[in-house]
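This report covers a ligand site and two backbone positions. The sequence and the structure come before the description.

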Amino acid sequence: MENDIAANFADITHQIRKAERVSGRKDGATQLVAVSKTQPADALEAALATGHRVFGENKVQEAYAHWADVKPRYPDLTLRLIGPLQTNKAKEAVALFDCIETLDREKLVDALAVEMKKQGRTIPCFIQVNTGAELQKAGVLPTGLAALLDYARAAGIIVTGLMCIPPADEAPQLHFAFLKNLADRHGLSQLSMGMSSDFDRAIAAGATHVRIGTALFGERS
Ligand SMILES: *Cc1c(COP(=O)(O)O)cnc(C)c1O
């Protein structure tokens, strides 16, 4: 398995560089975020052994189980929260993560601002946008983005980018282009979009962070 994971990291990194070239992006413009949710410890170790240091987790509790003991050994480790955050987990999230990609409501802004101040720890955030306006999905509606951005900035939160998860049954390119357009309009330079099945198209649309799990670690059980 260790060999598979190393080979997958090499292959995906190669594909990312190729997608950058094909779409006229700068070499290295896209950061690979390895999505380690549900993976066993030996898979994480295999990923770390390749030299990779940027990981995404979608649950605070699981992220602690995965990384709390590992982090002290890797000072350059970067952890990104890519799943919904409840306000009662803001404290743990601020203590562990280096970026929160899923800011999507004022109450969460308030909770994060309080915790960052308390802990003396400022971590950048992305706002998650529900580009497909799906009822069950997290993220601020596109029409609410400007107000949430103003609110977050007024609270002292540093917002550096936008994140989206396109609807499963629609062409992702439209959502990627839409998110890029929103980011440009609001002067945000970073874009987290694209997963195992569509990261090439996300890179073509301007992604700076692609969140990839299955293509690196295999199918989740
Ligand atoms: C699980 C997950 C991913 C990774 O998806 P794959 O299809 O396994 O690459 C990306 N983004 C988010 C928000 C996720 O929860």
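The model is predicted. At 49% relative accessibility, alanine 133 counts as partly exposed. Alanine 133 belongs to the loop that runs between strand S5 (125–128) and helix H6 (145–154). Its phi is near 45°, a positive value in a residue other than glycine. Most residues other than glycine have a negative phi.

Threonine 38 also has a positive phi, near 65°. Threonine 38 lies in the loop between strand S1 (31–35) and helix H2 (41–49), and with a relative accessible area of 42% threonine 38 is partly exposed.

The ligand sits in the largest pocket. Around the ligand are Val35, Lys37, Ile82, Met163, Ile165, Met195, Ser196, Arg211, Ile212, Gly213, Thr214 and Arg220. Sorted by class, this shell has six nonpolar, three polar and three charged residues. Polar contacts to the ligand include those in the table below.

| Residue | Protein atom | Ligand atom | Distance |
|---|---|---|---|
| Serine 196 | side-chain N or O | oxygen | 2.5 Å |
| Arginine 211 | polar side-chain atom | nitrogen | 2.9 Å |
| Glycine 213 | backbone N or O | oxygen | 2.9 Å |

Taken alone, the ligand exposes 390 Å², and the protein buries 88% of that area. Serine 196 and arginine 211 thus meet the ligand through side-chain atoms, whereas glycine 213 does so through a backbone atom.

How values were computed
Residues are numbered from 1 along each chain as its sequence is written. This is a predicted model: local features need pLDDT of at least 70, side-chain atom pairs count only at pLDDT 80 or more; totals for chains, interfaces and linings use all residues. Side-chain values use heavy atoms; hydrogens and water are left out. A residue is near a molecule or strand if one of its heavy atoms lies within 4 Å of it. A polar contact is a pair of N or O atoms within 3.5 Å; within protein, one must be able to donate a hydrogen and the other to accept it, and residues adjacent in sequence count only if both atoms are side-chain atoms. Accessible areas come from the Shrake-Rupley method with a 1.4 Å probe; for residues, only the protein chains shown count as cover. On a 1 Å grid over the protein atoms alone, a cavity is a set of points where a 1.4 Å probe fits but cannot get out, and a pocket is an open set with protein on both sides within 12 Å along at least five of seven lines; lining residues have an atom within 4 Å of a point. A molecule sits in a cavity or pocket if more than half of its atoms lie within 2 Å of its grid points. Ala, Val, Leu, Ile, Met, Phe, Trp, Tyr, Cys and Pro count as nonpolar, Asp, Glu, Lys and Arg as charged, and the others, Gly among them, as polar. Helices (H or I, at least four residues) and strands (E, at least two) are DSSP runs, numbered from the N terminus. Buried means under 20% relative accessible area, exposed over 50%, partly exposed in between (1.4 Å probe, protein chains only).
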